[in-house]
Structures are given as C-alpha cells and as structure tokens.
Amino acid sequence: MKLTYFNLYGRAEPIRLMLNASKTEFEDERIKHTDWPDIKDDKERFPYGQMPVLQHNGKVYSQSMAIYKYVANISGYLPDDADSQYMIDEAAESIKDLLTETFKIAQKTSSEEKKEAITTLKPKIETTFEVWEKNLKSNTSKDHYLGDKDSLADFILTCFYADHVKSGPLSELFQEVVGSCATLKSYFESRADMHKDYFDSRPKAPY
C-alpha cells in the first residue's frame with residue numbers, strides 16, 4: 001500500500017493516522033511541490049490530476065473522502081449503519097466548510113480584511129463546535145464520537161484538532177471557541193493523547 005501526497009498534513013493526515021492506528025504497513029510518499037507540475041498529468045498515478053492518491057492491490061484510489069471511507073472500511077473504522085455513516089459525513093463536511101473559510105482568510109493580504117473575515121468566521125465555528133458538543137454529550141463514551149469504539153469520525157476530528165485547533169494560523173480563535181465547549185475540549189485532548197506517539201514522531205510539515 002502506498003499513499004502519495006505533498007509533505008503536508010492536510011487531506012492526507014486522517015489516512016496516515018488511521019493506517020498508523022491499525023498498524024497497517026504503507027509507503028508514505030511525499031511529493032515536493034517543485035516536482036508536482038512535472039507528474040500531475042500522469043493519469044495512471046493521478047486520475048484526477050490531484051492528491052492524495054492511494055495505491056493498493058494494483059488499484060489507484062482518488063478523492064480524499066472516498067479514500068477515507070475505503071481505508072476506514074478495511075481497517076474496521078467504518079460503521080455499517082446509516083445513522084453513523086451520516087454523522088461521519090456531517091462531521092467531515094462541517095470541517096471542510098470551516099477549512100474553506102480558513103484558507104480564504106490566509107490568502108488575504110490586507111490586515112483589515114483578515115480581521116473582518118475572522119469576525120465573520122467566529123459564529124460559524126461556534127455553531128459547528130456546539131453541534132459536535134451536543135453529539136458528544138449524547139454519546140455513551142466521551143472518548144468516541146460514535147458509540148464506544150474508534151470510527152472514521154474520530155480520526156478526522158483528531159487531525160482537525162492537532163493541525164488547526166492546537167496549532168495553525170487560526171489556532172487562537174479555535175482555542176477560544178473550544179474553551180466554551182467543555183465536553184468537546186476534553187474529547188479533543190483525550191484523542192490527541194491517545195495518538196501522542198504518532199503526532200510526536202510524524203515528519204514535520206508546515207500545515
């Protein structure tokens with residue numbers, strides 16, 4: 001099995017974390033940004049001209065969420081009931097929405113524009129975190145987002161915490177909001193501690 005992505009956490013990190021947690025051996029191929037223009041048109045390796053891609057058993061798997069579900073399925077992290085799968089998708093989509101806005105802010109050059117965008121983003125973060133807090137409170141295990149065992153939702157949320165809440169360009173804002181969500185904050189910290197060895201030893205990346 002080989003996972004190919006840039007030397008970034010980004011969209012590949014939940015895949016890496018799941019494979020590490022399930023003790024699945026894989027090659028973690030990290031492409032330099034300077035090499036990407038020369039290889040991205042290779043449709044056999046990159047069917048959509050983008051990464052991450054996963055190679056396994058002679059097949060190439062593309063599109064982040066599709067790969068997440070594939071790896072979760074073969075690793076035992078994908079529940080088979082519709083409600084749980086919905087909650088996984090809901091968490092993933094809500095993170096995608098927040099990160100889309102985060103990246104827009106990072107691209108702004110004016111400090112005033114950034115300040116205004118952050119002010120607009122804060123209520124969206126609050127709404128999202130409140131939903132996660134409510135879902136966690138309704139679950140029997142406070143160390144898991146669904147049920148009492150690891151699921152894809154846990155890995156996606158844990159990576160979001162490690163790479164955007166605990167650190168990252170808007171970490172202060174995320175930490176301010178999560179400070180008002182005691183159950184979510186405890187969950188994040190517990191999940192990060194579970195995977196401490198992984199996060200401490202993973203290759204350093206800018207984001």
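These are my notebook entries on strand pairing and on the contact between two domains in a predicted model.

**Entry 1: the strands**

I began with strand 1, which covers residues 2-6. I found that strand 1 pairs with strand 3, residues 53-56, in the antiparallel sense. Three bridges join strand 1 and strand 3. At one position I noted Lys 2 standing opposite Gln 55 of strand 3.

I then followed strand 3 to its pairing with strand 4, residues 59-62. This pairing is also antiparallel, and I recorded four bridges for it. Here Gln 55 appears again, with Val 60 of strand 4 as its bridge partner. Gln 55 therefore has a partner in strand 1 and another in strand 4, given that strands are counted as paired on the basis of bridges between them.

**Entry 2: the hairpin**

I next looked up the turn that links strand 3 to strand 4. The hairpin has two residues between the strands. In this hairpin I noted that Asn 57 takes a positive phi near 55°.

**Entry 3: the two domains**

I turned to the domain assignment, which gives domain 1 as residues 2-75 and domain 2 as residues 82-201. I recorded a separation of 22 Å between the C-alpha centres of domain 1 and domain 2.

How many residues of each domain are in contact with the other? I found 12 residues of domain 1 in contact with 12 residues of domain 2. The area buried between the domains is about 1,100 Å². Carbon and sulfur atoms give 77% of this area. On the side of domain 1, I noted that Glu 13, Leu 17 and Met 65 supply 43% of the area it buries against domain 2, more than any other three residues.

**Entry 4: polar links between the domains**

I looked for charged pairs and found a count of one salt bridge between domain 1 and domain 2. I also looked up Asp 89 and Lys 69, which form a salt bridge. Their closest N and O atoms are 3.0 Å apart. The count of residue pairs in polar contact between the two domains is two.

**Entry 5: the side of domain 1 that touches domain 2**

Which helices each supply at least two residues of this side? I recorded helix 1, residues 13-21, and helix 3, residues 64-75. Helix 1 gives the largest share, with seven residues. Finally, I sorted the residues of this side by character: eight are nonpolar, one is polar and three are charged.

Technical notes
Residues numbered from 1 in each chain as written. Predicted model: local features only at pLDDT ≥ 70, side-chain atom pairs only at ≥ 80, totals over all residues. Heavy atoms only, no water. Domains from an automatic or database assignment. Contact = heavy atoms within 4.5 Å. Buried area = accessible area lost by both parts, 1.4 Å probe. Salt bridge = Lys/Arg side-chain N within 4 Å of Asp/Glu carboxyl O. Polar contact = N/O pair within 3.5 Å; in protein donor to acceptor, adjacent residues only side chain to side chain. Nonpolar A, V, L, I, M, F, W, Y, C, P; charged D, E, K, R; others polar.
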